[in-house]
Amino acid sequence: MTAFQKRAARDRLEQQLNDSNISAAQISPELVTGYKGVYNRYVKRGLDFILALVLFVVTSPILLVISLLIVADSGRPVFYRAERGGYHQKTFRIFKFRTMVQNADKIGGGTTALNDSRITKTGAFLRKTKLDEFANLISIIAGNMSFIGPRPELIQYTSQYKGTETLIHEVRPGITDYSSIEFINLDEIVGGSNADEMYEEYVLPKKNKLRVKYAATVSFGTDCRLFILTVGKVLEKMVNTVLRKKRR
């Protein structure tokens, strides 16, 4: 494919992504080719494993402190381990530091609402600082996740993928991607009531389009850009949180 053809394909992809009349499932599959590359199939996994292993060792004291804080605040378990749809349609159990009360999924819906009463005091801090995501290092080492990739989604949603949406399964789920950056303040977007309904009707369709976009554009350069953007967004969110508290 020539440079002109690649540019034309990228333009067509962006047009379809921005077209509200085209769903993620209806995006032209021939435009989604990034996942077929050597980087996604071979290189990415090796880089993930090495970096995750090093970070796990380096941050182990922090992980231990977080674990102790969770136990002191709301008991065990330390980790939240729900099933998610994964790479090549294989389900797996995620590792996240528990930020909600025990059995939170039985008390409320799968989407965290604004000011959700199920969030513990320690959990609120972990969520704002994104420290709850550090437990995902275990999932990355195990090969179920990547640093960069579509956020692990509930099986009730991934089982409904059709058409081009199924190509989301061709990349490993990750801690962050285009949709994570777009919806970094998800709780504020879905609001305090009918969070699941808002998520399914407003957020999920857009998220799936951005997940398809990642499958189409996955590369080392893409992952580096998304990492930098994510760090910037997280820092911005933390600063905004501090400023809100000062104003009060």
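This is a tour of a predicted model, going from confidence to one helix, then some backbone features and finally the cavities.

Residues are numbered from 1 along each chain as its sequence is written. Because the model is predicted, local features need pLDDT of at least 70 and side-chain atom pairs count only at pLDDT 80 or more, while totals for chains, interfaces and linings use all residues, and side-chain values use heavy atoms, without hydrogens and water.

Begin by colouring the protein chain by pLDDT, the predictor's confidence in each residue, from 0 to 100. The chain averages 91, and 96% of the residues score at least 70. Select strand β5 (residues 146–148), where confidence is highest at a mean of 97, and then helix α3 (residues 104–107), where it is lowest at 77; helices (H or I, at least four residues) and strands (E, at least two) are DSSP runs, numbered from the N terminus.

Next select helix α1 (residues 3–18), whose 16 residues should span 22 Å at 1.5 Å a residue (1.5 Å times one less than the number of residues), in agreement with the 23 Å between its end C-alpha atoms. Its buried residues are Leu13, Gln16 and Leu17, where buried means under 20% relative accessible area, exposed over 50% and partly exposed in between (1.4 Å probe, protein chains only). Seen down the axis, these buried residues fall within an arc of 100°, taken from the directions from the helix axis to the C-beta atoms, so they line one face of α1. On the other side, Ala3, Phe4, Gln15 and Asn18 are exposed.

Move to the loop between α2 and β1 (79–80), where Pro77 lies, and inspect the cis peptide bond that joins Arg76 and Pro77, with omega about 5°. Most peptide bonds are trans, and most residues other than glycine have a negative phi. Asn103, in the loop between β4 (96–97) and α3, has a positive phi of about 60° and is partly exposed at 49% relative accessibility.

Finally, display the cavities, of which a search of the whole structure finds two of 30 Å³ or more. The largest has a volume of about 90 Å³, and of its 14 lining residues, Gly85, Pro150, Arg151, Ile168 and Pro173 are closest to its centre. The second largest holds about 30 Å³ and is lined by Asn40, Lys44, Arg45, Asp48, Tyr87, Ser146 and Arg172; helix α2 (residues 38–74) gives the most to this lining, with four residues. A cavity here is a set of points on a 1 Å grid over the protein atoms alone where a 1.4 Å probe fits but cannot get out, and lining residues have an atom within 4 Å of a point. Grid points are joined across faces, edges and corners, and a volume is the space filled by probe spheres set on the points.

Definitions and conventions: On a 1 Å grid over the protein atoms alone, a cavity is a set of points where a 1.4 Å probe fits but cannot get out, and a pocket is an open set with protein on both sides within 12 Å along at least five of seven lines; lining residues have an atom within 4 Å of a point.
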